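Morning, everyone. Please pull up the structure on your screens. I'll walk through it quickly.

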Amino acid sequence: METVVNSTELKQELVAAYPNKVARKRAKSIVVNQVTGESEVPEILSNARTIPGIITMRGCSYAGCKGVVLGPTRDILQITHGPIGCGFYSWLTRRNQTRPPTDDSPNYMPYAMSTDLQEENIIFGGEKKLRLAIDEAVALFHPKAIGIFSTCPVGLIGDDVHAVARDMEEKYPGINIFGFSCEGYKGVSQSAGHHVANNKVFTDVVGTSDMKKKGSYKVNLLGEYNIGGDAFEIDRIFENCGVTLHATFSGNSTYEEFASAHNVDLNTVMCHRSINYLAGMMQTKYGIPWFKVNFIGAEASAKSMRKIAQYFGDEKLVAQTEAFVTKELAKVELVLEKIKRRTEGKTAMLFVGGSRAHHYQELFKELGMKTVAAGYEFAHRDDYEGRKVLPSIKVDADSRNIEELDVKADPKDYAPRKTPQELAALEKAGLRFGDYEGMMPTMDNNTLVIDDLNHHEMEKLIEQYKPDVFCAGVKEKYVVQKYGVPLKQLHSYDYSGPYAGFVGAINFYRDIDRMVNSRVWSLVVPPWQSEPELRATYVVG
Ligand code: CFM
């Protein structure tokens with residue numbers, strides 16, 4: 001149950017352990033939330049370099065590009081140009097699932113393909129090995145498309161993956177071969193890799209096919225990666241409402257769907273952080289509007305589908321959507337009713353990624369639980385404070401490192417899907433195009449919002465708040481559990497899921513109920529209470 005904590009005092013305590021300069025910087029990333037006026041919230045320092053010496057929760061640019069954005073698509077043959085470890089680590093560890101239509105449809109996800117760079121290649125160059133890898137991949141699989149992903153050493157030794165891609169495309173006409181400059185060290189986190197991935201998919205893939213799917217209401221879903229089968233549940237919802245989901249970027253997706261993704265009338269964005277770039281560029285080039293949706297939470301899923309139906313404005317579609325979501329919400333309510341009695345009033349903390357720390361608060365709200373502290377690993381100010389702050393975000397050297405494409409309306413394919421009057425009318429009716437409100441305006445006053453949390457801060461939060469459940473990843477899991485607090489992995493779902501949509505909400509309620517109401521956690525004695533601990537003091541001068 002909730003322990004009353006003075007978050008302002010706790011913030012002072014968190015930074016007190018640091019040397020002055022570090023304390024000043026961390027203080028800007030630890031914010032006591034205050035929502036005033038028109039969803040105004042305090043500024044938070046984010047998307048800034050982690051201070052050396054602090055063990056961060058973040059990942060690298062290669063992880064964001066290959067592991068996150070491109071990883072879940074099944075028939076782009078993906079070659080990691082680099083040491084074997086990078087390829088192995090990004091190989092299905094995120095539990096992104098896929099369902100090829102038939103047993104012999106191409107699916108390269110069960111394979112981890114890498115050039116396996118060795119010391120010799122680091123000294124004499126790895127391009128030759130990359131060409132051989134592409135030759136081998138073409139001979140074995142005849143893929144439609146090949147993506148080459150750069151790891152740190154590739155940038156350091158200066159291999160030109162783009163030149164290799166061009167040459168090999170000439171050698172193999174008909175195969176789309178493209179390289180990503182997503183060397184791990186680019187930017188300050190995996191967020192840079194998302195941007196690199198968005199850019200290349202936009203310039204080299206989207207708009208290259210005219211495949212059209214059947215149906216009158218065609219939509220793409222951007223920023224949904226089918227972790228634990230989430231996309232399968234979302235597919236079911238779209239289908240039952242009568243909306244055609246053309247391409248999901250990139251859960252359970254194919255190359256052809258990406259290539260023809262410009263043939264829709266609406267882009268919906270689920271994970272704003274990882275894919276807002278693509279939504280913006282497709283709007284400029286093709287005239288496809290976008291708005292934010294969320295399929296985490298039963299109410300949020302219903303609201304998202306209603307918004308989509310409202311956008312198309314067809315009475316039959318609105319009625320079909322309404323009938324379906326009402327039926328599903330009733331099923332969810334039956335389960336929730338029993339569980340909520342046991343979860344009401346309990347507390348949660350969420351420190352994860354760049355969007356889930358926000359989205360999952362919806363599910364906790366449905367359970368009657370309170371989020372006392374939350375934060376992202378690598379999100380930007382717009383994900384925290386809302387897109388309204390975009391003009392005031394200062395571009396630093398690390399962000400400048402990632403190319404901003406100069407996009408213009410396509411002379412042939414640009415076609416506004418709605419007139420300005422139609423868009424204005426929809427906005428008046430409550431739709432917000434090209435916008436994301438951010439996490440902080442939706443959180444209670446005096447909750448703590450912390451960017452790029454580290455272990456020291458995490459331990460203090462647990463000691464003070466004693467939350468009933470902590471949501472993060474595997475790097476945090478066992479430390480938290482040794483404190484006697486259950487940890488739910490919101491990246492991999494701890495082998496459970498799906499958690500999206502209506503079926504997912506029920507799964508989540510049940511899993512959280514089991515965790516927060518199990519007595520086993522109160523029996524845990526942390527090893528540091530019975531075993532000696534080494535201590536050291538920081539002395540200046
Ligand atoms: Fe988007 Fe993601 Fe996330 Fe993300 Fe990720 Fe992920 Fe995540 Mo792990 S794309 S920002 S880089 S919702 S892999 S599916 S769970 S950190 S909150």
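Start right after helix 6, at H142. Its phi is positive, about 45°. Keep in mind that this is a predicted model.

Now back up into helix 6 itself. It runs over residues 127-141, 15 residues in total. At 1.5 Å a residue it should span 21 Å, and its end C-alpha atoms are 21 Å apart, so the two agree. Which residues of helix 6 are buried? They are L130, A133, I134, D135, A137 and V138. And what do these buried residues pack against? Two strands come before helix 8 on my list: strand 2 (76-81) and strand 4 (145-150). Then there is helix 8 (161-171) itself, and strand 5 (176-180).

Next, the core. The largest nonpolar core has 109 residues. Within that core, F249 and F364 touch the most other members. Take F249. Leaving out residues up to four places away in sequence, its contacts include V201, V206, L221, L222 and Y225. F258, A261, I275 and L278 are also among them. Another core lies apart from this one. It has 28 residues, including L14, M349, F351 and V480.

Stay with F249 for the backbone. The peptide bond from F249 to S250 is cis, with omega near 0°. S250 belongs to strand 7, residues 244-250. In the loop between strand 7 and helix 11 (255-259) you find N252. N252 is not a glycine, yet its phi is positive, about 50°. Is N252 buried or exposed? Buried, because its relative accessibility is 14%, under the 20% cut-off.

There is a second spot to look at, the loop between strand 14 (487-489) and helix 21 (501-516). P498 sits in that loop. A cis peptide bond joins G497 to P498, with omega about -5°. Y493 is in the loop between strand 14 and helix 21 as well. Y493 has a positive phi of about 65°, and is not a glycine. Its relative accessible area is 0%, so Y493 is buried.

On to cysteines. How many disulfides does the structure hold? Zero. Why no bond for C60? The closest cysteine sulfur is in C152, 6.3 Å away, and that is too far for a bond. C60 is partly exposed, at 29% relative accessible area. C152 is partly exposed too, with 29%.

Last, the ligand. It is surrounded by 14 residues. The closest are R94, H194, C271, S355 and H491. That shell divides into six nonpolar, six polar and two charged residues.

Conventions
Residues numbered from 1 in each chain as written. Predicted model: local features only at pLDDT ≥ 70, side-chain atom pairs only at ≥ 80, totals over all residues. Heavy atoms only, no water. Near = heavy atom within 4 Å. Nonpolar A, V, L, I, M, F, W, Y, C, P; charged D, E, K, R; others polar. Helix = DSSP H or I, 4+ residues; strand = E, 2+ residues; numbered from the N terminus. Expected span 1.5 Å × (residues − 1). Buried < 20%, exposed > 50% of the residue type's maximum accessible area, 1.4 Å probe, protein only. Contact = heavy atoms within 4.5 Å. Core = buried A, V, L, I, M, F, W, Y, C linked by side-chain atoms within 4.5 Å. Disulfide = S-S within 2.5 Å.
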